[in-house]
Structures are given as structure tokens and as C-alpha cells.
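Subject: A structure for you to explore

Hello! Here is the structure I promised to pass on to you. Have a look around it first, and then read on for what turned up.

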Protein chains: 2
Amino acid sequence: MSKKITIYDLAQMLNVSPATVSRSLNNHHSISDATKKRILEKAEEVGYRTNKFAANLSNQKSNTIGVIVPRLNSYFMSTVLAGIEQVANEVGYNLIISQSLESEEKEKINAKTLLDSGVDALLVSLANDSKDYKHFEHFTTRKIPLLFFDRVIDLPHCPTILIDNLSAGYEAGKHLIEQGCTNLMHISGNLKRKLYEDRYKGFKNALLEHQLEINDYTLIETDLDPKNIQSVIETITGSPKKIDGIFVASDNYAANCIKELKKAGIRVPQDIKVVGFNNDPVSEIISPNLTTINYPGHKMGVLAGESIIAHLKGSINLQSTNTILLRHQLITRESSSN
Amino acid sequence: MSKKITIYDLAQMLNVSPATVSRSLNNHHSISDATKKRILEKAEEVGYRTNKFAANLSNQKSNTIGVIVPRLNSYFMSTVLAGIEQVANEVGYNLIISQSLESEEKEKINAKTLLDSGVDALLVSLANDSKDYKHFEHFTTRKIPLLFFDRVIDLPHCPTILIDNLSAGYEAGKHLIEQGCTNLMHISGNLKRKLYEDRYKGFKNALLEHQLEINDYTLIETDLDPKNIQSVIETITGSPKKIDGIFVASDNYAANCIKELKKAGIRVPQDIKVVGFNNDPVSEIISPNLTTINYPGHKMGVLAGESIIAHLKGSINLQSTNTILLRHQLITRESSSN
DNA sequence: AATTTTTGTGCAATCGGTTGCATTATTAAA
DNA sequence: TTTAATAATGCAACCGATTGCACAAAAATT
């Protein structure tokens, strides 16, 4: 029981060849039903378990998908991962998940490790400070499908899944303006990442469209880590013209902003209206409830998983599809009402 | 470039044997430095990448650790996973993560898949409805180390990492009593899981110690999913004796309770005091801030990872250590003040 | 100079499945 | 009844790295 049983053992027990055993286990058509049954039953009886290493070596594939994310402990990311895992699991794919912790260096190492581990495909959401993408070339040259989601770059033959951040930013800005705000601010994530750049661009477009002033206080670039929120609050309160509308690139950060603003005696939404991003659960917990852009993380994960698996199974060719845009949606709540 | 290079290719290029190449790549002592250098350089030059399948097959190990969790998109769990990933990554281990989605059936399948995938160790947090643990026996019989965290069971030779839920529950109860509550309620998760059972037991002990009544309203068992919170709120408001203190087994659920209680016109903490569990970020966002039990998820992950890796490297023997208890801590905030 | 050690490499088996091709048994067609 | 077609199974090479053992060359010892 404790020593592992191979197809050779089974073959010997049943007086057939290992080839027949292998074919039976894989339900190959050229084996008679009787033999198959006999072999399957014996395999079950003696607790045979296939050795994936050997099978992988032979098949040159692992039924494994690699995932690299900046960090896995954010509501959004864990939701995406949950989606990916769910679809992958259903069709028998395993997920090797690693985090770059926002470091390009780690991202490179992780990519290499996953390459060596023989993942059949790679899903990536980029680290904030990744600037060089050579580490992904190994995958493309080896024709290992590579898909970017959320924090994406445009690489030849690599599809991307994301939302239309440009118009999401625009809608957020426009909404604040329609609510009567005239002195707007955007608290952004790292602008090296296109999604943040786009959100800001869209936001700025809304301002431009309404001839609102754009100045030094229109944009604050942060790492979206609530730890360093104090300086941001100071910037807000220190603005010469009173800020009356803020669009924050993450709900979590927005919630913390509201909390700190309240502490500073600033009322939300009366003094400042706030719009967040993602529709995290926290947006409905914070008081006032947070107006936000719904960003369907789970759906994104499911889609990423399904796309890559469909590609692996050969049913679609992802290389040609370049960008999949998910629908987003402004959800208005108390934090921007008047 | 695009076709993969093996040690045989390298051997041929350099007129040495594959064995020498292999040994060089693994920095075996019996190879001269000159040869090693020559081989390493060539390997680098031609972009050699080791084939893990072959290496794993030969070594009978994968440098991979399997993880099964109920779901990966909860703040607590994703934090634990982040901790595990971090330490595993640092020492070159990969993590295959799968979720049971609270289903015993899926947990079984996942365990099987991970066994087949040849993980060197398995870390598990159990699904709520798991009742049968035979699927883990394969691991123990094959001497694959198995460690449970958070939602644990006592299996021979399997260490567990958790906090002292009994005393945490007791402290939560005692705190509410000290704040003047006399009519207490506990909103629990699935009592099949020992951690929830223990939290309730501890809580009950506090009540007993202070001669407080225990009745039908003392305990509500839920799945801790905010979706079905309404019936719980109704139970609270419908209690003949007004409930004035609630201990909730998760911060997220507690936050939602507070939100709904406020909607129902019940003031927290004036009418009802609330204590949560986990010290999620949401506990500091909700107003009033939530008194809670700090449960160090990241630390738990790090510890789980470190333990299992130390065991794999042979530096410690986990089989003998049976339980690792992490320190928890009551954090008092507004939701239970008076 | 002869012998023993030490060092550095190679041979070949092994890990456990997979699969193209050959072979035999069986059934259908002529 | 003979021949062609079909079905079922086995042989043996292959996937790519690892490693015990043998062996030759170089260094150390007597």
C-alpha cells in the first residue's frame, strides 16, 4: 500500500503490457472494453495513482497554469484569482500562483521559475515598477500562451483583459462635475501602469470638457497604501482652492480617505464628494456609502481562465484576439450625493 | 533558440558526457572548476533551461507545496496565502493553490489532484462541511507532510497551526460583560468546525462565569455570508429580552451587522455592543470602529510555510510538534465602548 | 620508480508513462 | 474457403535529468 504502484506493476498483475495499461487508463479507443474494465478495476483496487512527472515528461505538458500577481491579499486580486482557480479547477488544470510584491526583480524570478516548472500558460498582472518585459519573451518564443489582466502591457501575440479605464475615469469625473463639484482631485496609483494613466486621462478629459481648471492639486500619485495616507490628507486640506470632489483609484484607499477626512472635520459628501474604484465590499460598509466604479474581478478571473484554457485546448486562437474589454459601471451612492 | 536544449545537446557541444553536464549544473563537487565554468557558460549562452519534469521524475520530488483553502477571496485567507507564498518563494518552492469552495467533494478531488501532481507537502484549511478525512490518508501513508491551519482537525502525525479560539471567545464574552452587557448573543460560523465551536465554548464560559442566562438567543449558527444577514437581524430585533451585546465570529459579518442594525434604528454601541473577529481592515473603516480579536493571518501563513519547509529540508521533525498556537489579542474600539 | 590516493569523467541504468509501428486474432467481404 | 479489413495488444524507443559504479589520469606517498 505504501509503495507506489506503476503501470508496470499493473501490467504484471494482469499479464498485459504496460502499453495496454497506459492506453486503458487514458481510455484509448483501440483497447477492448473488457480489458479496459479489467485494468481500471485493478487499478482502483490496488490504489494506482498516475505519476504526473512521468506523464508530463512524456507529454511535454503539465496541465498547470502559472499566475503572477503583484500581491494576492487585496480584495480585488483575490477575487480575480478565485475566478481563475474555479474555471481552471473544473477542467483539471492546476494553478501555480506567485506574487511579485510589486518588485520587477521578483517578477522576473517568478517568471523564470514558472517557465522552468513547465506551466502550459501564464497569466500576469504586472508589478508597479516593471519597466522591462524581456522576462516574458521566453514564453512567447516558446509559444507558451501569455495573457495579461488588469495591469497589462501590449506585447505582440499577448491578449489582455481589462476594463475601459479611460472611460471609467471619464465617467467618474463627469459624475462629480454633474454633482456640482468644480475643484476636483484625482488620487492615482502608479502612473507607470497604463490603467492608472488611463483613469487619470479619462478624468482629465471630463475636466477639460467642462473647462475646469487643472493644476498641481488635480493629481496625486500614490502607491495606494493607506499607511501613507496622512500626507495626502494634508495636501487635500492644504489646497488653496477648497477641493470639493475626489476620485480615488481604489475603494480601499477611498474609504480610508473618507475616514481621515471625517477625522479632520471635513464632511463627505457635503464638503467633499468622493468616488472610488472597484466596488469592494468596503464601499457599502463605509459611511457614507461610497460611489464607485464596479469592476467585476471574479468575472475577469473567470474570463482569463476560460480564455487561456480555450486556447490551450485549441478551440480558439487567442493570439489574434488582442484585447478583451470588460464592462464597468458607475454605482452612485451617498458619498457623492447632494 | 525556439527549440529546447537538453543536457545532451550541451554535452555534445562541449564534448563531455551528459552526466558531467548534469553534475556541473548541480554544482557537484566532483567536477573540476574549469569544466563547470565551461559548461555553465555554454548553458547560459545557449539559453539552457532545465526540464523540471525530467528532474522531478528522477528526484521523486517537485519543490512544490499544495494548498487547499475554502476560498481564497477573503481578507483573512488571502493574507495567510500571501504569507505562505512569500516564504515558499524565497526558498524556491512553488505553491499550487486550490479552493474547496466549502465543499467536501471538491476538497477530496483537490486533494487527489495535488497528490497526483506530486506536491512535496500539503497545507490545508478545511471546508465547512468536511466530515470525512479519508482523502488525507493517502498523504500520511506516503509520508507526505500534511499541515492544517485555521480550520484544523486532529490527525495523527499532522501538526496544526491556529490560535486559542477558546480563550479568544472567552475574552470577547468577558469584555462585553465588563462593558455592562447582560444579554449576550454569539453569531457563529459552522459549528462543525472546531474553531467556531471553541469560540462559542469560550464565550459561553464567560457567560457561565458571570451567571448570565443562556437561552435560544445566545447562539446563532450561520455561514457567515452577509447575503443572508436579514434573518439574523430579525432574530436580534425579535428577541424577547433585548440583546445588548453581540460577539460575531468574523469582522466582515460584524461590520455588516452593524450596518444593518443602524438601518434598523439600533445604535451601536449605545443599544448593542459588538465584538468582531480577525481585525480585518474593515474593522477600522466601519463606524463605529469595531472591537475585535486580532488574528495574525500573515504571520500564520509565514509560520505554516516555514514549518513545512523546515520539515521538508529535514531540519525539524514536524510530526512530533503537534500544535502551534499563535497569540491573539483583544483590540477594543468604539463598537463596545460605553 | 612503483604504488597508492585523489580527482575528474563517462557508462549505463533508472525514474514511469506515452506512442508509432508491427503483429496477431477476429470478423467481414469476395 | 480464401482474402481483405478491422480490432486488440505488444515491442521498443523516447521524454530529459540523475547517480552508483567503473575507470583513467594526475597527484601524493613510499
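One thing to keep in mind from the start: this is a predicted model. I have sorted my notes by topic, so you can follow along in the viewer.

**How chain A is divided**

Three domains make up the division of chain A: domain 1 (7-50), domain 2 (62-163 + 297-326) and domain 3 (165-295 + 330-336). Notice that domain 2 and domain 3 are each written as two stretches of chain A. If you take the centres over C-alpha atoms, domain 1 of chain A and domain 2 of chain A are 36 Å apart.

**Around DNA strand C**

Let's turn to the DNA. Which residues come nearest to DNA strand C? There are 29 residues around this strand, and the nearest are Ile7(A), Arg23(A), Ser58(A), Thr20(B) and Thr35(B), so named from both chain A and chain B. Sugar or phosphate supplies 60% of the atoms of DNA strand C that lie within 4 Å of the protein, and bases supply the rest.

Three contacts with phosphate oxygens of DNA strand C are good to look up. The side chain of Thr20(B) has an N or O atom 2.4 Å from a phosphate oxygen of this strand. For the side chain of Ser22(A), the corresponding distance to a phosphate oxygen is 2.8 Å. Asn51(A) uses its backbone instead: an N or O atom there lies 3.4 Å from a phosphate oxygen of DNA strand C.

Two or more residues of the surface near DNA strand C come from each of these elements: helix 1 (7-14), helix 2 and helix 4 of chain A, and helix 2 and helix 4 of chain B. Which of them gives the most? It is helix 4 of chain A, with five residues. Sorted by class, the surface near DNA strand C holds twelve nonpolar, 14 polar and three charged residues.

**Around DNA strand D**

DNA strand D also has 29 residues around it, and those that come nearest are Thr20(A), Thr35(A), Ile7(B), Arg23(B) and Tyr48(B). Of the atoms of DNA strand D within 4 Å of the protein, 61% belong to sugar and phosphate.

Here are three contacts to find:

- Tyr48(B) has a polar side-chain atom 2.6 Å from a phosphate oxygen of DNA strand D.
- Ser58(B) places a side-chain N or O atom 2.7 Å from a sugar or linking oxygen of DNA strand D.
- Gln60(A) has a side-chain N or O atom 2.8 Å from a sugar or linking oxygen of DNA strand D.

The elements that each supply at least two residues of the surface near DNA strand D are helix 2 (18-25) and helix 4 (52-59) of chain A, with helix 1 (7-14), helix 2 (18-25) and helix 4 (52-59) of chain B. Helix 4 of chain B contributes the most, at five residues. By class, this surface near DNA strand D has eleven nonpolar, 15 polar and three charged residues.

**The two ends of helix 4 of chain A**

Two residues from the DNA contacts come up again here. At the start of helix 4 of chain A, Asn51(A) has a side-chain oxygen that reaches to within 2.8 Å of the backbone nitrogen of Phe53(A). After helix 4 of chain A comes Gln60(A), with a positive phi near 60°.

**Strand 4 of chain A**

Now for some strands. Is strand 4 (residues 146-149) of chain A covered on one face or on both faces? Both: Leu146(A) and Phe148(A) are buried on one side, and Leu147(A) and Phe149(A) are buried on the other.

Strand 4 of chain A runs parallel to strand 3 (residues 121-124) of chain A, and three bridges join them. In that pairing, Leu147(A) is the bridge partner of Leu123(A). Strand 4 of chain A also pairs in the parallel sense with strand 5 (residues 160-163) of chain A, over two bridges. There, Phe149(A) has Ile161(A) as its bridge partner.

**Strand 6 of chain A**

Strand 6 (residues 184-188) of chain A is mostly covered, with five of its five residues buried. Leu184(A), His186(A) and Ser188(A) are on one side of strand 6, while Met185(A) and Ile187(A) are on the other.

Which strands does strand 6 of chain A run parallel to? One is strand 8 (residues 245-248) of chain A, joined to strand 6 by four bridges. Another is strand 7 (residues 219-221) of chain A, which pairs with strand 6 over three bridges. Ile187(A) is a handy residue to click on: Val248(A) in strand 8 stands opposite it, and so does Ile220(A) in strand 7.

Finally, strand 6, helix 9 (residues 194-209) and strand 7 of chain A together form a right-handed β-α-β unit.

Enjoy exploring, and write back with any questions!

Technical notes
Residues numbered from 1 in each chain as written. Chains lettered and ligands numbered in written order. Predicted model: local features only at pLDDT ≥ 70, side-chain atom pairs only at ≥ 80, totals over all residues. Heavy atoms only, no water. Near = heavy atom within 4 Å. Polar contact = N/O pair within 3.5 Å; in protein donor to acceptor, adjacent residues only side chain to side chain. Nonpolar A, V, L, I, M, F, W, Y, C, P; charged D, E, K, R; others polar. Buried < 20%, exposed > 50% of the residue type's maximum accessible area, 1.4 Å probe, protein only. Pairing = 2+ DSSP bridges. Right-handed = clockwise from strand over helix to strand, strands pointing away. Domains from an automatic or database assignment.
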